[in-house]
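Reader: Hey, I'm new to this one. Can you walk me through it?

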Amino acid sequence: MEENSYKVPTMAEMAAENETPEVLFWVGCAGSFDDRYKKVTVAFVKILNKAKVKFAVLGTEESCTGDPARRAGNEFTFQMLAMSNIQVLDMYGVKKIVTACPHCFNTLKNEYPELGGNYEVLHHSEYLQQLIDEGRVRPENGETFKGKKVTFHDSCYLGRANDIYEAPRHVLEALDADLFEMKRSKVKGLCCGAGGGQMFKEPEKGNKDINIERIEEALATGADTIAVACPFCMIMMTDGLKNKEKEDSVRIYDIAELVAKANGL
Amino acid sequence: MAVLQQVFFIALLATIFWLVYRRASLIRSTILLGKSEDRTDQPGKRLSTMLRVAFGQKKMFDRPLIGVLHFAVYIGFILINIEILEIVLDGVLGTHRIFAPALGSFYVYLIGFFEILAFGVLLACVIFLIRRSIVHVDRFQPEKHREMSGWPQLDGKLILIFEIVLMLAILSMNAADSVLQEMGDPHYTQTGSFLFSQFLKPLFTGWEPDALVIYERFAWWLHIIGIFVFAIYLTYSKHLHIVLAFPNTYFARLSPKGKMNNMPEITSEVKVMIGLENQNADSVVPERFGAKDVGDLSWKNLMDAYSCTECGRCTEACPANITGKKLSPRKIMMDTRDRLEDVGRNMQANGGIFVPDDKNLIGDYILEEEILACTSCNACVQECPVLINPLDIILQLRRYKIMDEAKAPGSWNMMFQNLDTNQAPWKFSPGDRFNWADAIK
């Protein structure tokens with residue numbers, strides 16, 4: 001597929017042509033603005049194109065879901081953002097949403113209904129698993145992960161918050177990689193240190209930063225690839241890796257990037 | 001003499017009931033200081049949660065060895081109540097082993113079964129005491145966890161010693177009883193030797209019958225008075241979990257852990273702001289946003305505090321605590337309970353009404369630094385064996401700091417400002433939100 005042949009339709013464009021997408025891809029703030037995570041957004045869009053999914057994004061009509069405001073204690077800002085997002089989503093008649101950010105996922109899925117926003121919300125790990133299971137995406141024509149050592153860092157907002165542990169692991173297994181679990185994983189997984197608004201402030205005084213503790217655990221598995229499924233985890237783990245000066249020997253990828261690589265996208 | 005004992009026993013029993021009732025009422029009234037919250041939906045799911053987690057001790061078996069030991073103490077306590085019923089009936093009626101004649105030869109098996117339980121409790125309590133005192137399990141050490149110094153440390157050990165003494169009393173009482181039976185004392189019903197206590201009989205060989213009777217009576221009274229004292233003690237202690245674990249798991253949150261409670265009092269104001277609703281003259285502005293003191297929390301948060309047995313599994317899993325920050329979810333629960341106890345004493349001293357005392361949960365018990373360190377990762381919630389939710393309290397205290405006192409770290413204020421003006425937590429123009437697509441379009 002040519003680089004310039006990917007389509008990224010917006011809801012507005014679709015509406016203008018009287019069409020409705022199968023699914024709305026909710027990009028999220030990190031996916032829109034963070035240079036590293038923009039690559040994940042692009043990778044996921046390539047996969048959606050390859051799988052011939054009829055999708056759309058909100059583009060500039062999207063706003064933060066309000067998760068960091070709510071968790072930092074600012075309910076007012078949260079509800080302002082949530083209500084206007086719900087207005088936009090309902091205006092377009094959105095039924096199904098997929099997002100790569102577990103924080104957006106959690107808020108859209110669990111917290112918007114009480115404010116009147118009811119949608120079927122999927123995290124991209126669940127969606128990728130579906131696409132792979134349906135055979136719409138299969139690892140071929142790209143990088144092979146056979147025999148590569150991969151460890152998966154569970155995000156709290158995907159795992160403990162919403163009980164999704166298996167979907168990202170199924171995706172990794174489909175790539176034929178060797179999955180090594182960290183000492184603390186799944187329900188016992190250790191936070192990357194960014195949730196609850198911590199991403200946007202200095203940590204409180206302690207002996208160590210949480211992301212350092214976590215990257216040490218990830219490195220202890222001997223894996224050369226650390227897979228994540230959350231922009232916050234990506235940022236925190238990457239910082240940790242730099243701190244350990246391991247960025248040349250170990251790589252951090254979102255599961256969508258790994259699937260895209262396997263497909264030669 | 002026997003009648004005197006009966007009168008004394010009945011008076012003692014009544015006093016204990018009265019004292020426990022008074023404490024329970026006080027605890028109940030402090031819990032009810034909390035805000036109302038409906039936790040009565042989905043009774044079937046609630047019941048099955050309680051059966052699994054409280055009755056079945058599911059989460060205790062996350063650590064199998066401790067799970068088995070804890071189960072021994074738990075099942076011992078529940079089933080030994082049948083024997084306590086016999087003891088109480090004997091005490092009230094002046095009889096001895098009132099169940100023996102009715103149960104016939106089965107009686108010796110029943111007591112044998114109770115002795116297995118008693119021995120299990122004894123063994124588990126000895127191992128737990130060693131763990132606390134000699135092996136130095138990290139989460140119980142006051143040197144590493146400031147909330148564990150003083151009373152919590154003593155409380156944890158006292159109860160174990162208590163239980164060991166109670167079990168030794170019942171086993172040695174049974175041994176002395178068997179020896180008296182063999183001597184043919186008419187008062188001591190012939191039942192045959194009991195499973196465990198028969199091995200203690202050599203301790204009593206060569207004793208005069210009178211001395212044996214005195215010892216048997218001493219152990220009987222020690223056991224039953226011990227249980228009575230225990231009943232009162234636990235209302236002051238972390239061991240209240242043996243009662244509250246059941247309602248606490250029944251009323252536990254059923255929604256996904258990631259869901260934060262909504263603040264409906266904000267919703268109408270926001271609807272007016274974005275033009276979805278007209279200003280309503282009747283709308284009441286709540287006197288406070290978030291939680292400053294225990295009365296601002298929900299009754300369930302407060303029941304959580306009384307249900308906490310300070311095991312520290314939450315703190316052991318807390319990423320902030322692991323990396324040396326001041327936050328300890330266990331301390332959040334203990335502080336909430338301490339505050340409730342202070343409020344309870346205040347109410348007792350003022351005829352059942354709380355008189356403001358210039359203190360608050362946040363500031364006087366829990367520090368701002370603690371609640372700011374939480375990543376809301378839910379590890380503490382995941383770990384709790386009785387489904388306590390420390391995170392819920394932390395987030396409500398945060399709301400108070402941010403919304404009511406408008407006291408946030410500078411970088412959070414920046415983030416709020418960015419969200420208000422740019423609809424993103426970072427300072428990027430909303431118009432640039434779709435620029436990422438330029439790379440592939």
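Author: Sure. One term before we start: contact here means heavy atoms within 4.5 Å. And keep in mind that this is a predicted model.

Reader: OK, let's try that term out. Which residues is B:I388 in contact with?

Author: Setting aside neighbours within four places in sequence, B:I388 is in contact with B:N248, B:D304, B:S307, B:C308, B:M333 and B:V381.

Reader: And where is B:I388 found?

Author: B:I388 is in the loop between α16 (379-383) and α17 (390-404) of chain B.

Reader: Is B:I388 buried or exposed?

Author: Buried, because its relative accessibility is 4% and the cut-off for buried is under 20%.

Reader: How far is B:I388 from B:R253?

Author: Their C-alpha atoms are separated by 9.2 Å, with the two positions 135 residues apart along the chain.

Reader: Got another loop residue for me?

Author: Try B:K59, in the loop between α2 (43-55) and α3 (64-93) of chain B. B:K59 is buried too, with a relative accessible area of 11%.

Reader: What does B:K59 touch?

Author: Leaving out neighbours within four places in sequence, B:K59 is in contact with B:V53, B:R313, B:V381, B:Q382, B:E383, B:C384, B:P385 and B:L387. B:V381 is also one of the contacts of B:I388.

Reader: And how far is B:K59 from B:Q417?

Author: Those C-alpha atoms are 43 Å apart, and the two residues are 358 residues apart along the chain.

Reader: Switching topic: how do chain A and chain B meet? How many residues are in contact?

Author: 72 residues of chain A are in contact with 63 residues of chain B. The area buried between the two chains is about 5,800 Å², and carbon and sulfur atoms give 66% of that.

Reader: Why quote an area for an interface?

Author: Interface size is often given as the accessible area lost when the parts come together.

Reader: How many salt bridges are there between chain A and chain B?

Author: The count is 4. In a salt bridge between B:R399 and A:E75, the side chains meet at 2.8 Å, N to O. The interface of chain A and chain B also has 31 residue pairs in polar contact, counting pairs with both residues at pLDDT 80 or more.

Reader: Which element gives the largest share of chain A's side?

Author: That's α5(A), with 9 residues on the side of chain A that touches chain B.

Reader: What about A:S63, where is that?

Author: A:S63 is in the loop between β2 (55-56) and α4 of chain A, and A:S63 is buried at 10% relative accessible area. Not counting residues up to four places away in sequence, A:S63 touches A:W26, A:L81 and A:N85, along with B:Q423 and B:R433.

Reader: Now the nonpolar parts. Which residues have the most contacts inside the largest core?

Author: The largest nonpolar core has 110 residues, and those with the most contacts inside it are A:F25, A:L89, A:I97, A:Y127, B:W412 and B:W436. Helix α3 (residues 35-50) of chain A supplies the largest share of this core, 8 residues. Apart from that core lies another, of 88 residues, including B:I159 and B:M333.

Reader: What does A:I97 touch?

Author: Its contacts include A:V23, A:L24, A:W26, A:L89 and A:L108, with residues up to four places away in sequence left out.

Reader: Helices next. Why is α9(A) called largely enclosed?

Author: Because 8 of the 11 residues of α9(A) are buried. What covers those buried residues includes β5 (149-152) and α10 (231-243) of chain A, together with α12 (319-322) of chain B. Just after α9(A), A:G222 takes a positive phi of about 80°.

Reader: And how many residues of α11 in chain A are buried?

Author: Helix α11 (residues 255-262) of chain A has 7 of its 8 residues buried. A:D254 caps the N-terminal end of α11(A), with a side-chain oxygen 2.8 Å from the backbone nitrogen of A:A256. Just after α11(A), A:G264 has a positive phi of about 65°.

Reader: Last one: how many disulfides?

Author: The structure holds 0 over all chains. For A:C233, the nearest cysteine sulfur, that of A:C230, is 3.9 Å away, and A:C233 is buried with 3% relative accessible area.

Key. Residues are numbered from 1 along each chain as its sequence is written. Chains are lettered from A and ligands numbered from 1 in the order in which they are written. This is a predicted model: local features need pLDDT of at least 70, side-chain atom pairs count only at pLDDT 80 or more; totals for chains, interfaces and linings use all residues. Side-chain values use heavy atoms; hydrogens and water are left out. A disulfide is a pair of cysteine sulfur atoms within 2.5 Å. Buried means under 20% relative accessible area, exposed over 50%, partly exposed in between (1.4 Å probe, protein chains only). A nonpolar core is a set of buried Ala, Val, Leu, Ile, Met, Phe, Trp, Tyr and Cys residues joined through side-chain atoms within 4.5 Å. Helices (H or I, at least four residues) and strands (E, at least two) are DSSP runs, numbered from the N terminus. Buried area is the accessible area (1.4 Å probe) that two parts lose on being put together, summed over both. A polar contact is a pair of N or O atoms within 3.5 Å; within protein, one must be able to donate a hydrogen and the other to accept it, and residues adjacent in sequence count only if both atoms are side-chain atoms.
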